[in-house]
Amino acid sequence: MPLINQLPQWQELEQHWGQMCTQHLRALFAADPQRAERMHLETAGLYLDYSKNLITQETLERLLALAEAVDLRGWIERMFQGEPINNTEGRAVLHIALRNRANRPILVNGQDVMPEVNRVLDQMRGFVERVHSGAWRGYTGECITDVVNIGIGGSNLGPKMVCAALSPYQNGSLRVHFVSNIDAAHLVGTLKPLDPAKTLFIVASKTFTTQETLTNAQSARAWLLEALKDPQAVAHHFVAVSTHTERVAAFGIDPANMFGFWDWVGGRYSLWSAIGLPIALAVGFDRFIELLEGAHAMDEHFRTAPFPENMPVLMGLIGIWYVNFAGAKTQAILPYDQCLRYLPAYLQQGDMESNGKGVTREGIPVAYSTGPVIWGEPGTDGQHAFYQLIHQGTQLIPADFIGAIHSHYELDDHHPKLMANLFAQTEALMRGRTYEEALAELLASGMDEAQARFLAHHRVFPGNRPTNTILMDRLTPYTLGALIALYEHRIFTQGIIWGINSFDQWGVELGKQLAGVILDEIQQGQVSTVHDSSTRFLVERFIQQRR
């Protein structure tokens, strides 16, 4: 297949942007009083308003034609059918099977994966119930009060994000902590207030070889044994999410307490699997199932809804519009909910590790932009930090605003004020303020005309800054599951349009290999391999100063 930018549908979109870039959203809203009524979707507990995007019906039709040209519908079905669409690793991509609440058979190499998925879910349920009931106890007979998840990347960010998001559903009797960084400050700071006799560790590593995770796990094991003395205590305080029985057993973990998953589960898509064990411990297994159900509802919508009414597809195509035709380099994720504070970082990994690729599935260098930089912070903190650049800077930064109608914390008028800011920001970004409007406002305040004419230039907002707004009635396990799945499928849609493999991550390998070489040199106390002069000087300086 030719590169996507060689297709006539792509070239027509390039020409169309030449027409649209002279339009202003103010004018589009003025010309169409029904614009917001037409440009919204609702599914799986989520409401999407995409009317504040620099698009028309013609734009959408041209984008949808691009999706048809690359057979997006066929690729969606290939994923759901368990075909090995991760072609560089020869693997299926089946995080959707982990939350397949319809229990529809999904075959990989002729075998239905659902019986094993259900077996692990049952294993997780039994374990969670034992911990919550007090049947699982520490080595000295104490009940567990703290759970420490040791993992990195997808084995950390997903569960950490969800546990924070669903904190209103935690009862406080079991505290869940996360350690990921190999920097000892992370582990030491987490363990300092904990009681070893009441602490349970989850070591999450598919192969049980991940350097950061195993280093932290070994240090946690030493911390435990320093207090409890007996190596037999390890089996009472450690469980594993892994596929390597021998290494898990050698660590001292009972293989019966090893929770498995499969090579068709990518790390950044794994919170729905046993990697989500800390989520189930934090909020209870029934709430974990509600999370899966929300994601499944979005899966079914993505798979079956016509593309003009398909929320992930439209969000993905609108993102393509800005990245490839408007020249946007970044995408802001702006949740107006403190519980969603880790969502931007989670989506940063999900999007940038998936679509940060420079070659197509066939290995051909691309001649167009692929994944944007994903970033963001919760509102209203972000308003007092980086919104200045979004409003008046020289870059086009599409932004997704996410909020809930009802809060779990209805304290006085906090939530109305929070949401008033969300709505106001999207309106301000769309409308902007003209020089004439700024001048009139200053003159009306009684300012001297000369000073007003000077300051008015600084108070101009260009507007025409695109936003999506996603609303839910309340942030619940169900709506959170739907929200995460929405972004997963948006990422998938964009990867298919760009013709890349969104499900490998070879870009992380080289640094890991070189780190192993340099670690050996640091431990030996001398540089023995050929490096560039900068790296050699830095490593030698580190070795010398450590002495």
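## A turn after helix α15

Let's start just past helix α15, where Gly327 takes a positive phi of about 80°. This is a predicted model, so please read the values below as computed from that prediction.

The helix before that glycine, α15, covers residues 311-325, which makes 15 residues. From its first C-alpha to its last it reaches 21 Å, close to the 21 Å expected at 1.5 Å a residue. Is α15 mostly covered or mostly open? Mostly covered: 15 of its 15 residues are buried.

## Aromatic contacts

A search of the whole structure turns up 19 aromatic pairs. One of them is formed by Trp10 and Tyr368, with 5.4 Å centre to centre and 45° between the planes, a tilted arrangement. Trp10 belongs to helix α1 (residues 8-20) and Tyr368 to the loop between α16 and β11 (373-375), so their pairing ties together parts that are 358 residues apart in sequence.

Are these two rings on buried or exposed residues? Trp10 has 2% relative accessibility and therefore counts as buried. Tyr368, at 12%, counts as buried too; the cut-off for that class is under 20% relative accessible area. The two residues also belong to one aromatic cluster, made up of Trp10, Trp17, Trp321, Phe325 and Tyr368.

## Charges over rings

Two contacts between a charged end and a ring are worth a look. The charged end of Lys160 sits over the ring of Tyr342, 4.6 Å from its centre. For Arg361, the ring underneath is that of Trp75, and the charged end is 4.1 Å from the ring centre.

## The two largest pockets

The largest pocket holds about 1,200 Å³ of space. Its lining has 41 residues, and those nearest the centre are Thr210, Gln505, Val508, Glu509 and Lys512. Helices α10 (211-228), α16 (343-355) and α22 (509-524) are the elements that give two or more residues to this lining. Which of them gives the most? That is α22, with six residues. If you are thinking about chemistry, the lining divides into 14 nonpolar, 17 polar and 10 charged residues.

The second largest pocket has about 300 Å³ of space. Of the 17 residues that line the second largest pocket, Asp337, Gln338, Ser407, His415 and Leu418 are the closest to its centre. Here the lining comprises seven nonpolar, eight polar and two charged residues.

## Backbone details to check

A cis peptide bond joins Gly379 and Thr380, with omega about 10°. Thr380 lies in the loop between β11 and α17 (387-392).

Two aspartates have a positive phi although neither is a glycine. For Asp71 the angle is about 60°, and the residue is placed in the loop between α4 and α5 (72-80). Asp71 counts as partly exposed, at 32% relative accessibility. For Asp412 phi is about 45°, and its loop runs between β12 (399-404) and α18 (414-431). With a relative accessible area of 67%, Asp412 is exposed.

## A contact across the sequence

Finally, have a look at Glu68, found in helix α4 (residues 57-69). At 52% relative accessibility, Glu68 counts as exposed. How far apart are Glu68 and Phe307 in space? Their C-alpha atoms are 9.3 Å apart, while in sequence the two residues are 239 residues apart.

Notes. Residues numbered from 1 in each chain as written. Predicted model: local features only at pLDDT ≥ 70, side-chain atom pairs only at ≥ 80, totals over all residues. Heavy atoms only, no water. Helix = DSSP H or I, 4+ residues; strand = E, 2+ residues; numbered from the N terminus. Expected span 1.5 Å × (residues − 1). Buried < 20%, exposed > 50% of the residue type's maximum accessible area, 1.4 Å probe, protein only. 1 Å grid on protein atoms, 1.4 Å probe; cavity = no way out; pocket = protein on both sides within 12 Å on 5 of 7 lines; lining within 4 Å. Points joined across faces, edges and corners; volume = space filled by probe spheres on them. Nonpolar A, V, L, I, M, F, W, Y, C, P; charged D, E, K, R; others polar. Phe/Tyr/Trp six-rings, centres within 6.5 Å; stacked < 30°, edge-to-face > 60°. Lys NZ or Arg CZ within 6 Å of the ring centre and 35° of its normal.
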